[in-house]
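Visitor: Please take me closely through a single part of this model, the pocket and what surrounds it. I would like a connected account that follows the elements of the lining outward into their neighbourhood.

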Amino acid sequence: MPVFRAASTRQLARIQAFVAEGAHILFLDSPQSEDEMRAGIAACSGRPALAVTSPAGKHFMPGNAELERIGIRIVVYPQDILAASVQAIRAALGGLKGGAKPAMASPAELATAIRSDEYLAQDARWPDPP
């Protein structure tokens, strides 16, 4: 049996308590090794285990295929989306300053992304002020 940090021992106990209360998805925060990740998954008692990727993090974070092999069933990629957004915003701002303009969403793609039709349908329910 692997040796766990005190925080991991508390986290495993919390996962088990959440399982007992009927939690549907569980998460072990910042595992430092595959053994710790596997212990967290085992504590989930068959319920889906979630991983949050953090490329800049100092915890154990294997690639997607390895996460699947270990038993992680749900992965969240918040920094990937943020990093792509930052890069796109910088490219767009560079284009506004006179540099090369990056590829942009078409008006139809933008309307779909921001759900314009849904917004306008909701807005139409309210009369314009006199």
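Guide: Phenylalanine 27 is partly exposed, with a relative accessible area of 36%, and its place is in strand β1. The model is a predicted one, and what follows should be read with that in mind. Along the chain, phenylalanine 27 and proline 48 are 21 residues apart, while their C-alpha atoms are separated by 8.8 Å.

Phenylalanine 27 also leads us to the part you asked about, since Phe27, Leu28, Pro31, Leu50 and Ala51 are the residues closest to the centre of the largest pocket, out of the 19 that line it. The volume of this pocket is about 160 Å³. Three elements each give two or more residues to the lining, namely β1 (26-27), α2 and β2 (49-52), and it is β2 that supplies the largest share, with four residues. In chemical character the lining divides into 15 nonpolar residues, three polar ones and one charged one.

Of these elements, helix α2 (residues 34-43) deserves a slower look. Its buried residues are Glu36, Met37, Ala39, Gly40, Ile41 and Ala43. Glutamate 34, by contrast, is not among the buried residues, because its relative accessible area of 23% makes it partly exposed, buried meaning under 20%.

Just after α2 the backbone does something worth checking on the display: serine 45 takes a positive phi of about 50°, and serine 45 is not a glycine. As a general matter, most residues other than glycine have a negative phi. Serine 45 sits in the loop that runs between α2 and β2, and at 52% relative accessibility serine 45 counts as exposed. From serine 45 to isoleucine 72 the C-alpha distance is 13 Å, with the two positions 27 residues apart in sequence numbering.

Returning to α2, its charged side chains take us across to another helix. Glutamate 34 forms a salt bridge with arginine 69, where the closest N and O atoms are 3.2 Å apart. This pair links distant parts of the chain, as glutamate 34 belongs to helix α2 and arginine 69 to helix α3 (residues 64-70), 35 residues apart. Arginine 69 has a second partner, glutamate 66, and in that salt bridge the closest N and O atoms are 2.3 Å apart. Here the two residues are three apart in helix α3, which means that about one helical turn separates arginine 69 from glutamate 66. The general geometry fits this picture: an α-helix has 3.6 residues a turn, so residues three or four places apart point the same way.

All three of these side chains can be placed on the accessibility scale. Arginine 69 counts as partly exposed at 47% relative accessibility, glutamate 66 is partly exposed at 27%, and glutamate 34, as noted, is partly exposed at 23%. Together with Arg38, these residues make up a network of salt bridges, whose members are Glu34, Arg38, Glu66 and Arg69.

The structure holds four salt bridges, one of which is formed by the side chains of arginine 115 and glutamate 118, with 3.1 Å from N to O. Arginine 115 makes a useful counterpart to serine 45, for arginine 115 has a positive phi of about 55° although it is not a glycine. Arginine 115 lies in the loop between α5 (107-113) and α6 (116-123), and at 52% relative accessibility arginine 115 counts as exposed. Its partner, glutamate 118, is partly exposed, with a relative accessible area of 44%.

A last feature to set beside the pocket is found on the surface, where Ile89, Leu93 and Leu96 form a nonpolar patch with about 330 Å² of accessible area together. Isoleucine 89, one of the members of this patch, has its place in helix α4 (residues 78-96). To close where we began, the pocket lining has 15 nonpolar residues, and phenylalanine 27, one of those closest to the pocket centre, is itself partly exposed at 36%.

Methods
Residues numbered from 1 in each chain as written. Predicted model: local features only at pLDDT ≥ 70, side-chain atom pairs only at ≥ 80, totals over all residues. Heavy atoms only, no water. Patch = residues over 30% accessible without salt bridge, like charges linked within 9 Å, V, L, I, M, F, W, Y side chains within 5 Å. Areas by Shrake-Rupley, 256 points an atom, 1.4 Å probe, with all protein chains shown as cover. Buried < 20%, exposed > 50% of the residue type's maximum accessible area, 1.4 Å probe, protein only. 1 Å grid on protein atoms, 1.4 Å probe; cavity = no way out; pocket = protein on both sides within 12 Å on 5 of 7 lines; lining within 4 Å. Points joined across faces, edges and corners; volume = space filled by probe spheres on them. Nonpolar A, V, L, I, M, F, W, Y, C, P; charged D, E, K, R; others polar.
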